[in-house]
Amino acid sequence: MKYLNDEIVNISNKLGINLIGFCKLEYFKDLENILKEKESLNLKTSFEIGNIDDKTFKNSEYSSAIVIGVPYKKLNTNGRKENEVYFSSVAVGIDYHIILKDKLEFISNYLNDLGYKSFIGVDNNIYNERYLAYKAGLGFFGKNGMLINNKYGSFFYIGIVLTNAIFKYNKQINNKCYGCNKCIESCPTKAISKHFINGNKCLSYITQKKNLTKEEETFINECVYGCDICQNICPHNKDVKETNAEFINIDEFLNMSEEEYKNIYKNNSSFWRGKKIIDRNIKLYIENNLKK
Ligand code: B12
Ligand code: SF4
Ligand code: SF4
């Protein structure tokens, strides 16, 4: 039996992929327990799609996952003016879904040419990418729910290729979360509990979902898409490279036509949510800020 690890790693090096690991797909009982507990506590968001049997690979047609990690930068928000807002780190530059999918396609094409089946995924698919990345040795879980890598902290995107090819598999790495609770204490909505994120309370979800309760409205701040607070405070991210936030002038954004918005934001990862939700968040930021 010839394992294809070296060939895949060679391809990934050429594509500039920083992190790669291989994980065996088998029925994941521990993941099933976590997902069932989250469901029973009503902590599941509308963004978590798919059923537990498929997510835990009960009777799957795939035998392995190739998991990649692509680092990105944390945001420096110094110098922001009162009339400016910004998007969180995941919505800076070209949409990461596009960047990772391009890379994953090279890997899947290689496997398909050899006669193997493959499925590629970045973010919006039924599989639990953090769990697969954990199994493939890319990182350990922080109390903030993030998968943290020894070198890149939690600022890395995850992409997966599922296939029926088989590989030599990586080992999981030791958990190095300091348990300092800084993430828990800094979370503005108290979304982090002892061992779970309550996605429904997470500001990242609140900035993206359609209908907000009165209480949820009061949480909207100057970061009008996503939230980086529990990552920025985490000591594992202190050496992560920084980039300047792209500040958005409130008046210019609110007065922009749909056409102009499309031209400027069509390759941004926030684009799928549309201008109306961002407009709403900006208006709530103004309201909440004026109240202070
Ligand atoms: C739904 C979703 C959300 C929802 C709900 C998140 C949640 N925690 O429930 C919302 C909108 C809130 C969200 C927010 C964010 N998200 Co999101 N999200 C997803 C998505 C689509 C599914 C996640 C999911 O299934 N959650 C359900 C719960 C049960 O799973 P989980 O979050 O992975 O939780 C695990 C831990 O609790 C864990 N666990 C904790 N301790 C331990 C210990 C052990 C030993 C084990 C085995 C497991 C374990 O068990 C769970 C299963 O592994 C994934 C993409 C994907 N397809 O997987 C991206 C993804 C998880 N998101 C990502 C990112 C970047 C973010 C944000 C940082 C974006 C932002 N800046 O606003 C925030 C971070 C919020 C946070 N602190 O978690 C990245 C994470 C990368 C990383 N290095 O961890 C992913 C993988 C997207 C990607 N392809 O890169 N997200
Ligand atoms: S802030 Fe502290 S407790 Fe939270 S994930 Fe980072 S090291 Fe762990
Ligand atoms: S992303 Fe923001 S709201 Fe969500 S858990 Fe982290 S600090 Fe809390």
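**Ligand 1 between two domains**

Ligand 1 lies between domain 1 (5-73 + 94-163) and domain 2 (182-291), because both domains give residues to the shell around it. The model is a predicted one. Its domain assignment gives the chain these two parts, domain 1 and domain 2.

The shell around ligand 1 was examined first. It holds 35 residues, of which Asp 123, Glu 129, Arg 130, Asn 144 and Ser 204 come nearest to the ligand. By class, 20 residues of this shell are nonpolar, nine are polar and six are charged. Five elements each supply at least two residues to the shell around ligand 1. Four are helices: helix 2 (29-40), helix 5 (129-135), helix 7 (203-206) and helix 9 (229-232). The other is strand 8 (156-163).

Polar backbone atoms face nitrogen atoms of ligand 1 at three residues. At Asp 123, the distance from a polar backbone atom to a nitrogen atom of the ligand is 2.7 Å. For Tyr 127, the corresponding distance is 2.9 Å. For Ile 158, a polar backbone atom is likewise 2.9 Å from a nitrogen atom of ligand 1. Asp 123 thus appears both in this set and among the residues that come nearest to the ligand.

The interface between the domains was considered next. The centres of domain 1 and domain 2, taken over C-alpha atoms, are separated by 24 Å. Domain 1 brings 27 residues to the contact, and domain 2 brings 26 residues. About 2100 Å² of area is buried between the two domains. Carbon and sulfur atoms give 66% of this area. On the side of domain 1, Phe 47, Lys 73 and Asn 144 supply 27% of the area buried against domain 2, more than any other three residues. Asn 144 is also one of the residues that come nearest to ligand 1.

Polar pairing across the interface was then counted. Eight residue pairs are in polar contact between domain 1 and domain 2, with both residues at pLDDT 80 or more. Zero salt bridges are found across this interface. Helix 2 and helix 4 (96-113) are the elements that give two or more residues to the side of domain 1 that touches domain 2. That side comprises 13 nonpolar, eight polar and six charged residues. Helix 2 also supplies at least two residues of the shell around ligand 1.

Ligand 3 has its own set of surrounding residues. These include four cysteines, Cys 187, Cys 202, Cys 227 and Cys 230. Pro 188, Thr 189, Ile 192, Leu 203 and Ile 229 are the others around ligand 3. The shell divides into eight nonpolar residues and one polar residue, with no charged residues.

How values were computed. Residues are numbered from 1 along each chain as its sequence is written. Chains are lettered from A and ligands numbered from 1 in the order in which they are written. This is a predicted model: local features need pLDDT of at least 70, side-chain atom pairs count only at pLDDT 80 or more; totals for chains, interfaces and linings use all residues. Side-chain values use heavy atoms; hydrogens and water are left out. A residue is near a molecule or strand if one of its heavy atoms lies within 4 Å of it. A polar contact is a pair of N or O atoms within 3.5 Å; within protein, one must be able to donate a hydrogen and the other to accept it, and residues adjacent in sequence count only if both atoms are side-chain atoms. Ala, Val, Leu, Ile, Met, Phe, Trp, Tyr, Cys and Pro count as nonpolar, Asp, Glu, Lys and Arg as charged, and the others, Gly among them, as polar. Domain bounds come from an automatic or database domain assignment. Contact means heavy atoms within 4.5 Å. Buried area is the accessible area (1.4 Å probe) that two parts lose on being put together, summed over both. A salt bridge is a side-chain nitrogen of Lys or Arg within 4 Å of a carboxyl oxygen of Asp or Glu.
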